[in-house]
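Trainee: I would like a close look at a single part of this model, the largest pocket. What lines the largest pocket, and which residues lie nearest its centre?

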Amino acid sequence: IDGQAFTTIVANNAWSITTTVLTPGVKNYTLTQTDIAGNTGTPLTGSITIDTSTTVTGVLAATSDTGKSASDRITKDNTPTFNGTGEEGAKIRLSIDNKDFEADVVGGVWSITTTALADGVKAYTITATDIAGNINSVTGSITVDTTAPAPFTGRLDASSDTGTLNNDGLTYDVTPTFTGVGEDGAEVKLEIAGQTLTTIVDNGVWSITTGILLPGVKAYTLTQTDAAGNSATPLTGTITVDNSTAVTAALAPASDTGKFGNDKITKINTPTIKGTGENDAVIVLTIDNKTFQTVVADGEWEITTTALSDGNKSYTVTATDKAGNTATATNSVLIDTIAPSPFTGGLLTADDTGSSNQDNITKVLAPRFSGTGENGSEVKLVIAGVTFTTTVAGGVWSIPTTAFTPGVKTYTITQTDVAGNS
């Protein structure tokens, strides 16, 4: 056998031969018996297989390894599958969590799925016994975690929530930050406006700052997934990104009593200022060292001041919307509550042709009237139902009339300044 010859003598009709060490493999042998007369019987032939070792590998199957990587031996599957390689026909025994599971090596591979295992770190031993009786084993451990990660909270961070309340989901920050608490080592994922952002919980807290968001209402989803792949119930919500506001301000037409409807001149010392703005924005009007406040409704706002002193009054209007954005408009108003002065007037002396030049008798059918007044004021002459106007210039005024029929003519002369005072 195996190039070697061994002999012995039959005693009591039995014999036994022990070989020297043979190398592994299939070994053909021949047995020959020769009696004392030299006769040889028919040889006996056969073969044996020398197999002195076996091999085995075994790990948590990639399909059961639900951790962050497919080889971190962490799983949320409490009936995990193990697989590996071994010698064809060998018996595989998996011992884990005080339970044993068996399988045969077929095609050089084996696979075992356990029954339910309790959560925790589980040491295991995989033992292979081949058909020659050789034994080999490998050991390892897995972590079974079937519990959703907790705690888990998350929302727009108070520092980014610039609205009237720090939990109203309004912000003028176009790269807002979300924060919350979670399970150490878990991954938190924020999905918002087409962006997907992730971070790892550290010391029980997490923080994510988004990329630039366009203005508008933005729905978001927050998901926490632990190292085993378990996910907490997602958190959903919306935020409103609003990074601008606008405001206009002007003297209200009803308060603009000047000669022109938009000349910002008034004889009212409690004028109304009005304008447009973003709904619910807070409006602050500062004028003549006084402050007034209101809120925009239906896109408009209006403030009537308390009594202001005469003079040119610059004012500032600041709008602060619910997201915290501010906008400012500036303007001015001229307040004039004093009747125009001086003011005189009557028939032009040159046209007073009576016995004295002040008896208001004239032979001129289209007499002229004149007098003094406040520069820029309008003088109106109403005589015999006809109205004539002019503007005071250089402190004087003059109005020519059209021809009248002879007779007594009653007239009225009125002076009105640019603010509307008469």
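Mentor: What follows goes from the pocket to the surface patch and then to a sheet. The model is predicted. The largest pocket has a volume of about 750 Å³. Its lining is made up of 22 residues, and those nearest the centre are Phe6, Trp15, Ile17, Leu31 and Thr32. Strand β1 supplies the largest share of the lining of this pocket, namely 3 residues; β1 spans residues 25-31.

Two of the names around the pocket centre, Trp15 and Ile17, also belong to a nonpolar patch on the surface, together with Val10. The accessible area of Val10, Trp15 and Ile17 together is about 260 Å². Valine 10 is found in the segment before β1. Its relative accessible area is 39%, so valine 10 counts as partly exposed, the class between under 20% for buried and over 50% for exposed. A patch takes residues with over 30% relative accessible area, so the 39% of valine 10 meets that cut-off.

Now to a sheet. An open sheet of 5 strands runs in the order β12-β18-β17-β14-β15, and its pairing is mixed. At the edges are β12 (170-171) and β15 (195-200), each of which pairs on one side only. Strand β14, residues 187-192, is joined to β15 by 6 bridges, and the two run antiparallel. In this pair, glutamate 187 stands opposite isoleucine 200 in β15. In general, strands of a sheet pair through backbone hydrogen bonds, either parallel or antiparallel.

Conventions:
Residues are numbered from 1 along each chain as its sequence is written. This is a predicted model: local features need pLDDT of at least 70, side-chain atom pairs count only at pLDDT 80 or more; totals for chains, interfaces and linings use all residues. Side-chain values use heavy atoms; hydrogens and water are left out. Patches are made of residues with over 30% relative accessible area and no salt bridge: like charges are joined within 9 Å, nonpolar side chains (Val, Leu, Ile, Met, Phe, Trp, Tyr) within 5 Å. Accessible areas come from the Shrake-Rupley method with a 1.4 Å probe; for residues, only the protein chains shown count as cover. A salt bridge is a side-chain nitrogen of Lys or Arg within 4 Å of a carboxyl oxygen of Asp or Glu. Helices (H or I, at least four residues) and strands (E, at least two) are DSSP runs, numbered from the N terminus. Buried means under 20% relative accessible area, exposed over 50%, partly exposed in between (1.4 Å probe, protein chains only). Two strands pair if DSSP finds at least two bridges between them. On a 1 Å grid over the protein atoms alone, a cavity is a set of points where a 1.4 Å probe fits but cannot get out, and a pocket is an open set with protein on both sides within 12 Å along at least five of seven lines; lining residues have an atom within 4 Å of a point. Grid points are joined across faces, edges and corners, and a volume is the space filled by probe spheres set on the points.
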